[in-house]
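Colleague: Could you take me closely through one part of this model, the way its helices pack against one another and what lies around the ligand? A connected account would suit me better than a list.

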Amino acid sequence: SAMEKKIFGISIKYLSLLVLVVQNSMLVIVMRYSRIVSDVKYFTSTAVFFAELFKLVASLCLYYLEDPETIKSNGFKYLLHQIFGTDSWKMFIPAFLYTLQNNLQYRAVSLLDPATFQVSYQMKILTTALCSVILLKTILGAVKWTSLFMLTAGIALVQLDSTSSTQTPSAKTGTINKFQGLVAVGFACLLSGLSGVYFELVLKTTSKSVWLRNVQLSLYSLVPATLGILLVDGSDISKNGFFYGYTIWTFGAIMCQSLGGLVVAVVVKYADNILKGFATSISIILSCFLSIFIFDFKVTLPFTIGTVLVIYSTYLYGTVPDKRKAPLPNEETNYNVKIAPSG
Ligand code: C5P
């Protein structure tokens, strides 16, 4: 079955989680570095657009490789029908939400140091839980609620402390940047929970392949990504050009973000969201560690206690299994059921 699929003798499940840990740490470091490496600041809205474009090409290839025979024998019209037909419109919603989230992520990472960003972004576990309760009818027990509040406390502790760790020229701009950065993280967390749960809902209540869903997702994301370019940086781009301020690190950030989207899809398919949570909390340790060396990040006692609380609560949350009130409408256990092209 799909669950036991292996590459080089390692199950895809654990391989995907390992890649997610490394990708998550790399993303924050590379994204942050790409923003501070040069005085000339590139337009992040264009980076979001290119990440989606790259993901679209990769997802199309993966979708084709999943079942080349069916696509070859049914032809281009069949492919178009698969991408745009029936309930394809459902991906419009997460496409819009994820694009906004990805833009906010750039903003937050530009204003906050990587460690603060990484830890406060863990708040998405809380928003994901709330959205699961509301949309997926997940029931959370006492342990899970407790661990969620512990997570919030841990994040608050990290935030309270880290005025000393902002690397901005003056303390005043530092505080303003930090506040704006945290607001961006807050909204990104809300969007992450909402779009993640919505994607899961669609994936679990329909039978389309995860790569087909990702083709739709990234294709539709190009629309809000273009809107973002026009609305946010439009006038500056017409003055300076699309690739103004781009460095090799910008391409690194774009690649990391694309890879992230693809890995999240694999993790959702072969593992689950709980394991995804574990992986991201492990990557906090990794990026904190790297930040100490790369960005001269100062680790203080409240920061350490807060980080321990975040990681412990994530662990606690993950050890208790999910309870669900009722099965989802039309729930199918195998997400990869291939449906014959209809009429
Ligand atoms: O922080 P979070 O885990 O919510 O980030 C998910 C990231 O993965 C977003 O950048 C989103 O664009 C991407 N994604 C994707 N395809 C999916 C699910 C998420 O590209 N099916």
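Modeller: The crossing of helix α2 (residues 44–66) and helix α10 (residues 248–270) is right-handed, in what is a predicted model throughout. The axes of α2 and α10 come within 8 Å and cross at roughly 40°, and since angles under 35 degrees would count as roughly parallel, this value makes α2 oblique to α10. On the α2 side the contact is made by Ala-47, Val-48, Phe-50, Ala-51, Phe-54, Lys-55, Ala-58, Ser-59, Leu-62 and Glu-66, which meet Ile-254, Met-255, Gln-257, Ser-258, Gly-261, Leu-262 and Lys-269 of α10. Sorted by class, the residues of this contact comprise 10 nonpolar, 4 polar and 3 charged.

Helix α10 also packs against helix α9 (residues 210–240), the two axes coming within 10 Å and crossing at roughly 145°, and here too α9 passes α10 in a right-handed crossing. From α9, Val-210, Trp-211 and Asn-214 meet Gly-261, Leu-262, Ala-265, Val-266 and Lys-269 in α10, a set that divides into 5 nonpolar, 2 polar and 1 charged residue. Gly-261, Leu-262 and Lys-269 of α10 therefore recur, being listed both in the contact with α2 and in the contact with α9.Turning to the other partner of α9, helix α4 (residues 92–111) packs against α9 at an angle of about 55°, with their axes 8 Å apart, which makes α4 oblique to α9. α4 passes α9 in a right-handed crossing, and the residues that meet are Phe-92, Pro-94, Ala-95, Phe-96, Tyr-98 and Thr-99 in α4 and Leu-217, Tyr-220, Ser-221, Pro-224 and Ala-225 in α9. This contact divides into 9 nonpolar and 2 polar residues, with no charged ones.

Some of these helices also supply residues around the ligand, which is surrounded by 13 residues, the closest being Lys-55, Asn-102, Lys-124, Ser-192 and Asn-214. Lys-55, listed above in the contact of α2 with α10, has a polar side-chain atom 2.6 Å from an oxygen atom of the ligand. A polar side-chain atom of Asn-102 lies 2.7 Å from a ligand oxygen atom, and for Gln-101 the corresponding distance is 3.0 Å. Asn-214, another of the closest residues, is also one of the α9 residues that meet α10.

Notes:
Residues are numbered from 1 along each chain as its sequence is written. This is a predicted model: local features need pLDDT of at least 70, side-chain atom pairs count only at pLDDT 80 or more; totals for chains, interfaces and linings use all residues. Side-chain values use heavy atoms; hydrogens and water are left out. Axes are lines fitted to C-alpha atoms, for helices over the stretch in contact, and angles run from 0 to 180 degrees between N-to-C directions. Helices (H or I, at least four residues) and strands (E, at least two) are DSSP runs, numbered from the N terminus. Angles under 35 degrees count as roughly parallel, over 145 as roughly antiparallel, 65 to 115 as roughly perpendicular and the rest as oblique. A crossing is left-handed if the near helix is turned anticlockwise from the far one by less than a right angle, and right-handed if clockwise. Contact means heavy atoms within 4.5 Å. Ala, Val, Leu, Ile, Met, Phe, Trp, Tyr, Cys and Pro count as nonpolar, Asp, Glu, Lys and Arg as charged, and the others, Gly among them, as polar. A residue is near a molecule or strand if one of its heavy atoms lies within 4 Å of it. A polar contact is a pair of N or O atoms within 3.5 Å; within protein, one must be able to donate a hydrogen and the other to accept it, and residues adjacent in sequence count only if both atoms are side-chain atoms.
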